[in-house]
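Here's a quick briefing to read alongside the structure. It covers a pocket, some ring pairs and one threonine.

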Amino acid sequence: AVVSTQSTGASEMDGEAVVQSVEADKVISTDCGFKHFDLATVKVEELEFSSSFQVEITKPGPLTAVCIHFTCNFDGEEFSACLDTSPRMPDTHWLQTVLYLPNPITVKEGEVVVGSIGYMKSKTNKRGYVLLLCGHSESGQEFDQTYHLN
């Protein structure tokens with residue numbers, strides 16, 4: 001998870017996970033992994049989970065969203081490749097998933113933000129997910145929101 005600032009108003013995106021490109025200069029925290037899958041052995045039931053995360057703020061400002069991206073390593077005997085969808089890398093067609101907070105929180109450089117994210121299969125969309133995001137800053141500002149990713 002990457003904590004980032006965005007200029008788009010969160011009220012317009014309330015409850016929706018938004019797939020979009022995030023500019024690297026909008027990222028205001030370190031990255032952290034929150035789930036790892038072995039694509040050769042992962043089972044469908046493992047795609048529903050809850051994981052904790054912790055990031056450190058690297059630039060002060062309003063924390064308006066959490067940006068989710070992935071890295072996928074393809075290791076073969078004759079060929080290996082890495083697909084990295086980080087905002088710090090050139091855009092891919094996968095982009096990033098942005099979870100806009102209902103209310104921005106103010107964070108300072110060096111501050112730690114901790115939280116958890118849960119993924120549950122949507123009951124109404126076979127390919128969709130319901131994401132549960134909650135967390136808080138060191139200064140005690142909290143966020144808690146449910147998102148739909150279709």
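A pocket here means an open set of grid points with protein on both sides within 12 Å along at least five of seven lines. Keep in mind that this is a predicted model. With that said, the largest pocket has a volume of about 1600 Å³, and the structure also holds 6 aromatic pairs.

**The largest pocket**

- Rolling a probe the size of a water molecule over the atoms is how empty space shows up.
- The largest pocket comes out at about 1600 Å³, and 37 residues line it.
- Closest to the pocket's centre you'll find Phe37, His69, Phe70, Thr71 and Tyr119.
- Five strands each give two or more residues to the lining: β6 (71-75), β7 (80-84), β8 (96-107), β9 (112-121) and β10 (129-137).
- Strand β6 supplies the largest share of that lining, with 4 residues.
- Sorted by class, the lining has 20 nonpolar residues, 10 polar ones and 7 charged ones.

**The aromatic pairs**

- Out of the 6 aromatic pairs in the structure, one is made by phenylalanine 34 and phenylalanine 49.
- That pair is tilted, with 6.4 Å from centre to centre and 35 degrees between the planes.
- Phenylalanine 34 sits in the loop between β3 (27-31) and β4 (49-56) while phenylalanine 49 is in strand β4, so their pairing ties together parts that are 15 residues apart in sequence.
- Both of these phenylalanines, 34 and 49, are buried.
- Phenylalanine 49 also pairs with tyrosine 119, and this pair is stacked: 4.8 Å centre to centre, with 15 degrees between the planes.
- Because phenylalanine 49 is in strand β4 and tyrosine 119 in strand β9, the pair ties together parts that are 70 residues apart in sequence.
- Tyrosine 119 is buried, just like phenylalanine 49.
- Zooming out, ring pairs join Phe34, Phe37, Phe49, Tyr119 and Tyr129 into a cluster.
- Two names turn up on both lists: Phe37 and Tyr119 belong to the ring cluster and are also among the residues closest to the pocket's centre.

**Threonine 97**

- Where does threonine 97 sit? Look in strand β8.
- Threonine 97 has a relative accessibility of 14%, and since buried means under 20%, it counts as buried.
- Setting aside neighbours within four places in sequence, threonine 97 is in contact with Ala17, Val18, Val19, Val66, Cys67, Ile68 and Leu149.

Terms used: Residues numbered from 1 in each chain as written. Predicted model: local features only at pLDDT ≥ 70, side-chain atom pairs only at ≥ 80, totals over all residues. Heavy atoms only, no water. 1 Å grid on protein atoms, 1.4 Å probe; cavity = no way out; pocket = protein on both sides within 12 Å on 5 of 7 lines; lining within 4 Å. Points joined across faces, edges and corners; volume = space filled by probe spheres on them. Nonpolar A, V, L, I, M, F, W, Y, C, P; charged D, E, K, R; others polar. Phe/Tyr/Trp six-rings, centres within 6.5 Å; stacked < 30°, edge-to-face > 60°. Buried < 20%, exposed > 50% of the residue type's maximum accessible area, 1.4 Å probe, protein only. Contact = heavy atoms within 4.5 Å.
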